[in-house]
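User: I have a model open and want to go through its fold step by step. Please keep the answers short.

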Amino acid sequence: MSKKLKAAIIGPGNIGTDLLMKAMRSDWIEPVWMVGIEESEGIKRARDFGMKTSVSGVDGLLPHVIEDDVRIAFDATSAYVHAENSRKLNELGVIMVDLTPAAIGPFCIPPVNLKAHAEKLEMNVNMVTCGGQATIPIVAAVSRVQPVSYGEIVATVGSKSVGPGTRVNIDEFTRTTAAGVEQVGGAKKGKAIIIINPAEPPLIMRDTIHCLTEHEPDQEAITQSILDMVEAVQQYVPGYRLVNGPVFDGNRVSVFMEVEGLGDFLPKYAGNLDIMTAAGLRTAEMFAEEAANNTISLPARG
Amino acid sequence: MNLEGKKVTLHDMSLRDGMHAKRHQISLQQMIDVATGLDEAGMPLIEVTHGDGLGGASVNYGFPAHSDEEYLNAVVPKMKQAKVSALLLPGIGTVDHLRMAHDCGVSTIRVATHCTEADVSQQHIGLASEMKMDTVGFLMMAHMAPPEKILEQAKLMESYGANCVYCTDSAGYMLPDQVTEKIGLLRAELKPETEIGFHGHHNLGMGIANSLAAIDAGAGRIDGSVAGLGAGAGNTPLEVFVAVLYRMGVESGVDLFKVMDVAEDLVVPLMDHPIRLDRDALTLGYAGVYSSFLLFAQRAAEKYGISARDILVELGRRGTVGGQEDMIEDLALTMAKERGAK
């Protein structure tokens with residue numbers, strides 16, 4: 001039996017297609033289905049990649065879940081439909097990796113808490129936001145050294161990489177990211193800011209992380225912890241780079257990051273989208289690894 | 001230019017844009033004193049918010065002496081005729097802040113986006129308009145896009161429910177002809193009932209001239225600041241503008257001598273530094289850089305031994321937009337590294 005877990009991707013847009021291209025290279029995940037709600041460019045592309053496709057939403061996938069042994073689903077649609085997608089697929093024992101802002105499951109930042117989620121076999125994990133994936137690891141890298149009273153992140157993204165879904169509900173980004181800075185990053189209070197910049201050529205995603213530590217920062221330990229964390233993220237996002245810092249100024253610790261994508265389907269500057277798809281895939285892979293090691297048992301199937 | 005008989009609504013920025021120049025440290029009493037003086041002078045609209053808008057309190061932009069809520073609760077009840085406005089930048093503040101401001105008695109909300117990104121303002125403009133607030137769309141850094149683009153974005157804000165749209169010269173880069181062109185196109189193409197506003201900065205000394213050009217081209221609201229207290233070289237100095245409007249026969253309803261006294265007796269004494277067109281402020285206007293970057297660049301210059309002018313020119317070259325204050329320390333570090341390597 002192959003160790004790879006079979007997967008479905010819901011949402012054949014930019015994110016879904018980029019995720020598909022990454023998943024096709026994975027040692028642990030085998031994408032088999034692409035789910036859309038109508039015939040589209042994305043569905044056609046997925047078919048060209050050899051995927052089975054549904055153009056009638058998740059309902060078109062459901063009858064095939066057991067026979068095709070689909071174990072993982074990535075939802076790259078919208079918060080509005082995610083809950084329903086998740087309920088239907090969870091019932092059939094499919095683990096849901098949620099790339100929408102719905103956040104009905106716990107937040108997942110791979111190098112910080114993925115292993116804990118996988119070991120508990122969480123059936124729905126949420127990937128927070130692109131800004132969260134890029135910055136929360138750094139907040140966590142500081143808070144694992146000493147208490148952080150306040151964590152603030154500023155994500156600056158190229159205008160072309162911000163889709164209509166994010167634009168129409170930009171408050172969801174700031175709220176969800178701030179919640180992730182607290183819940184996963186370990187800051188007592190979190191704040192998130194997003195700036196959209198239309199410069200041409202588009203700028204590569206930039207992220208600034210400011211932490212205020214409760215006590216005088218242990219510069220050496222924090223610096224090492226951040227370097228280790230950057231390396232951990234680079235395992236699945238090679239273009240995750242420390243540009244400047246950590247800068248220490250009193251109790252303030254500031255770190256300046258840049259995130260360049262792999263340029264699979266989305267352009268390289270769209271590191272914000274790349275880090276979401278890469279983190280989503282990394283999450284699914286961890287579940288597959290844990291299942292292969294028999295540390296978790298996937299839901300039984302006849 | 002003949003503006004005789006025109007009417008204009010003036011909007012004071014000293015207690016919001018001026019917060020930049022004060023590193024957001026204006027005291028409650030100072031806010032009350034200035035606002036009360038402006039109210040008595042007949043200023044119809046006064047903005048009171050963190051410099052970067054509601055929710056701007058942050059490491060990135062600076063923590064204020066008091067919260068937006070505290071400032072608003074201190075000022076709003078004291079106003080006899082003036083209305084109080086608040087600024088909101090989507091991506092920094094949220095609709096929760098907007099509701100708070102509304103509960104504090106704010107009657108005008110100004111939702112600000114970069115001039116090409118108006119579609120992030122839909123939920124905020126929509127809610128404000130639903131709550132029957134005077135709802136203003138504020139297109140920042142308007143020098144960075146051609147008139148047609150500004151119009152397209154203004155129409156989006158109008159469609160979300162804005163009853164007024166601003167062309168905002170955040171960098172103090174625009175010249176009168178460009179103001180005429182942009183405001184003129186907005187006036188010609190937006191709904192006749194939609195008001196048009198202009199917000200200037202004085203970084204090229206064009207605050208007054210640009211504001212006059214805006215009125216001539218059809219703007220009905222003009223931002224300025226008593227004694228110019230604002231980011232960069234400050235906003236259009238209102239007491240000067242009021243005097244010019246008197247001379248030109250434009251009706252603003254503001255008492256010239258009273259507003260002069262507020263400027264001289266209340267605002268000038270609270271300045272941390274003289275608001276003037278110094279080398280760095282001039283660089284903002286020349287390079288087209290967001291005015292509130294000024295003090296950040298000066299601090300980074302001092303800390304890392306780089307000239308503030310060099311930092312600002314490079315920020316302009318990179319096309320940075322409002323809110324990217326974090327890039328200043330980042331860039332100064334990179335420049336210091338490069339110089340060390342040479």
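User: How many bridges join β9(A) to strand β11 of chain A?
Analyst: This is a predicted model. β9(A) and β11(A), residues 252-259, run antiparallel. Within this pair, A:I209 stands opposite A:V255 of β11(A). The number of bridges joining β9(A) to β11(A) is 8.

User: Which are the edge strands of the open sheet of 5 strands in chain A?
Analyst: The pairing in this sheet is mixed, and the order is β8-β7-β9-β11-β10. From one strand to the next, the twist averages 15°. An edge strand here pairs on one side only, which singles out β8(A) and β10(A).

User: What angle does α14(B) make with β10(A)?
Analyst: α14(B) packs on the sheet of 5 strands, whose order is β8-β7-β9-β11-β10 in chain A. There α14(B) touches β7, β9, β10 and β11 of chain A. Its direction and that of β10(A) make about 95°.

User: Which element gives the most residues to the side of chain B that touches chain A?
Analyst: The contact takes 25 residues from chain B and 27 residues from chain A. On the chain B side, the elements giving two or more residues are α5 (122-130) and α14 (326-341). That side divides into 7 nonpolar, 12 polar and 6 charged residues. With 5 residues, the element that gives the most is α14(B).

User: Which strands stand at the edges of the open sheet of 6 strands in chain A?
Analyst: This sheet has parallel pairing and the order β3-β2-β1-β4-β5-β6. Its neighbouring strands are turned by 25° against each other on average, direction ignored. Two strands have a single partner each, so one side of each is left without a neighbour in the sheet: β3(A) and β6(A).

User: Which residue of β3(A) is the bridge partner of A:V35?
Analyst: β2(A), residues 29-35, pairs with β3(A) in the parallel sense over 3 bridges. A:V35 has its bridge partner in β3(A), and that residue is A:S54.

User: Which helix of chain A lies across β1, β2, β4, β5 and β6?
Analyst: The helix spans residues 271-292 and runs at about 155° to β1(A). The same element, α10(A), also lies across β7, β9 and β11 of chain A, at about 90° to β11(A). Lying across β1, β2, β4, β5 and β6 of chain A is therefore the role of α10(A).

User: How many residues does α10(A) give to the largest nonpolar core?
Analyst: In soluble globular proteins, nonpolar side chains tend to be buried together. The largest nonpolar core here has 211 residues, and those with the most contacts inside it are A:A7, B:L139 and B:I311. Leaving aside neighbours within four places in sequence, A:A7 is in contact with residues including A:A23, A:V32, A:I72 and A:A284. The largest share of the core comes from α10(A), which gives 10 residues.

User: Which residues of α5(A) are buried?
Analyst: α5(A) covers residues 110-119. Its buried residues are covered by elements including β6, α6, α9 and α10 of chain A. The buried ones are A:P110, A:P111, A:V112, A:L114, A:H117 and A:A118.

User: Is A:A103 buried or exposed?
Analyst: A:A103 lies in the loop between β5 and α5 of chain A. It has a positive phi of about 55° although it is not a glycine. The cut-off for burial is 20 or more other C-beta atoms within 10 Å. A:A103 has 21 C-beta neighbours inside 10 Å, so it counts as buried.

User: What is the phi of A:L121?
Analyst: A:L121 is in the loop between α5 and β6 of chain A. With 15 C-beta neighbours inside 10 Å, A:L121 counts as partly exposed. Most residues other than glycine have a negative phi, and most peptide bonds are trans. A:L121 has a positive phi, near 50°.

User: Where is A:P246, which follows a cis peptide bond from A:G245?
Analyst: The bond from A:G245 to A:P246 has omega near 5°. Another cis bond runs from A:E200 to A:P201, with omega near -10°. A:P201 lies in the loop between β8 and β9 of chain A. The place of A:P246 is in strand β10(A).

User: What is the radius of gyration of chain A?
Analyst: Chain A has 10 helices and 11 strands. The globule rule gives 19 Å for 302 residues, and the value for chain A is close to that, so chain A is as compact as a globular protein of that length. Its radius of gyration is 19 Å.

Note on methods. Residues numbered from 1 in each chain as written. Chains lettered and ligands numbered in written order. Predicted model: local features only at pLDDT ≥ 70, side-chain atom pairs only at ≥ 80, totals over all residues. Contact = placed C-beta atoms within 7 Å. Helix = DSSP H or I, 4+ residues; strand = E, 2+ residues; numbered from the N terminus. Nonpolar A, V, L, I, M, F, W, Y, C, P; charged D, E, K, R; others polar. Pairing = 2+ DSSP bridges. Axes fitted to C-alpha atoms, helices over the stretch in contact; angles between N-to-C directions. Rg over C-alpha atoms; globule rule 2.2 N^0.38 Å. Core = buried A, V, L, I, M, F, W, Y, C linked by C-beta atoms within 7 Å. Buried ≥ 20, exposed ≤ 12 C-beta atoms within 10 Å, placed from the backbone.
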